[in-house]
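The following exercises introduce a protein model to a reader who has not met it before. Each task is followed by a solution in steps.

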Amino acid sequence: ERHECLEIPEHFKTVRVSRESPMLFCVADPENEGICPLSLTQWLSARHNELVQVVSAAIVRPSRADQANPRQQGARYGPPVSSRLMAQHDLVKYDANMLMQFVKTRCVTYGDGGRLNFDFKQLERQLRREMARPEITLELRAFQWLREGAAQT
């Protein structure tokens with residue numbers, strides 16, 4: 001509905017990006033068509049950071065000193081990574097197929113009478129390992145449109 005204080009125009013809300021779409025809808029920019037990819041990028045970054053914070057809290061139980069001083073608690077989980085410097089290994093990348101494959105091969109055993117036994121502790125350890133990633137600090141370089149560069153000279 002909105003991007004920060006700016007209301008997103010109605011015709012932008014109906015756009016579906018495809019190979020035939022203008023490139024304007026693919027370049028993050030705080031104005032015009034660029035609002036759509038910018039707000040999507042900010043939303044995805046926020047969801048990534050929320051998940052990382054939950055995993056960090058589950059991995060490291062805060063000490064009494066951390067609880068008394070919340071500012072130092074964040075530093076204990078590692079520094080955030082700039083979006084300009086991040087790579088694939090900094091991102092949470094996990095899907096249902098990976099999860100099911102791990103459950104089938106490592107977390108399920110057969111008990112008496114064909115009863116299934118699940119090792120949820122092992123599953124939890126695996127998910128914590130796979131999702132322990134740094135938070136992202138979103139830093140997007142402004143895109144210089146060709147006409148804007150010519151107009152400045």
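**Exercise 1.** Is Arg 125 buried, partly exposed or exposed?

*Solution.* The model is predicted, with local features needing pLDDT of at least 70 and side-chain atom pairs pLDDT 80 or more, while totals for chains, interfaces and linings use all residues. Residues are numbered from 1 along each chain as its sequence is written, and side-chain values use heavy atoms, without hydrogens and water.

Step 1. Buried means under 20% relative accessible area, exposed over 50%, and partly exposed in between (1.4 Å probe, protein chains only).

Step 2. Arg 125 has a relative accessible area of 44%, so this residue is partly exposed.

**Exercise 2.** Determine which residues join Arg 125 in a patch of positive charge, and which helix gives the most to the patch.

*Solution.* Step 1. Patches are made of residues with over 30% relative accessible area and no salt bridge; like charges are joined within 9 Å, and nonpolar side chains (Val, Leu, Ile, Met, Phe, Trp, Tyr) within 5 Å. A salt bridge is a side-chain nitrogen of Lys or Arg within 4 Å of a carboxyl oxygen of Asp or Glu.

Step 2. On the surface, Arg 125 gathers with Arg 106, Lys 121 and Arg 129.

Step 3. Helix α6, residues 120–131, contributes three residues, the most to the positive patch. Arg 125 is itself found in helix α6. Helices (H or I, at least four residues) and strands (E, at least two) are DSSP runs, numbered from the N terminus.

**Exercise 3.** Identify the residues of the nonpolar surface patch and place Phe 120.

*Solution.* Step 1. Tyr 110, Leu 116, Phe 118 and Phe 120 make a nonpolar surface patch of about 490 Å².

Step 2. Phe 120 lies in helix α6 and, at 57% relative accessibility, counts as exposed.

**Exercise 4.** Describe the setting of Ser 83 and the contact of its side chain.

*Solution.* Step 1. Ser 83 sits in the loop between β3 (81–82) and α5 (96–107).

Step 2. With 15% relative accessibility, Ser 83 counts as buried.

Step 3. A polar atom of the Ser 83 side chain lies 2.7 Å from the backbone nitrogen of Glu 139.

**Exercise 5.** Where does Asn 32 lie, and what is its phi?

*Solution.* Step 1. Asn 32 belongs to the loop between α1 (10–13) and α2 (35–59).

Step 2. Its phi is near 50°, a positive value in a residue other than glycine.

Step 3. Asn 32 counts as exposed, at 51% relative accessibility.

Conventions: Areas by Shrake-Rupley, 256 points an atom, 1.4 Å probe, with all protein chains shown as cover. Lys, Arg positive; Asp, Glu negative; His and termini not counted. Charge placed at Lys NZ, Arg CZ, Asp CG, Glu CD. Polar contact = N/O pair within 3.5 Å; in protein donor to acceptor, adjacent residues only side chain to side chain.
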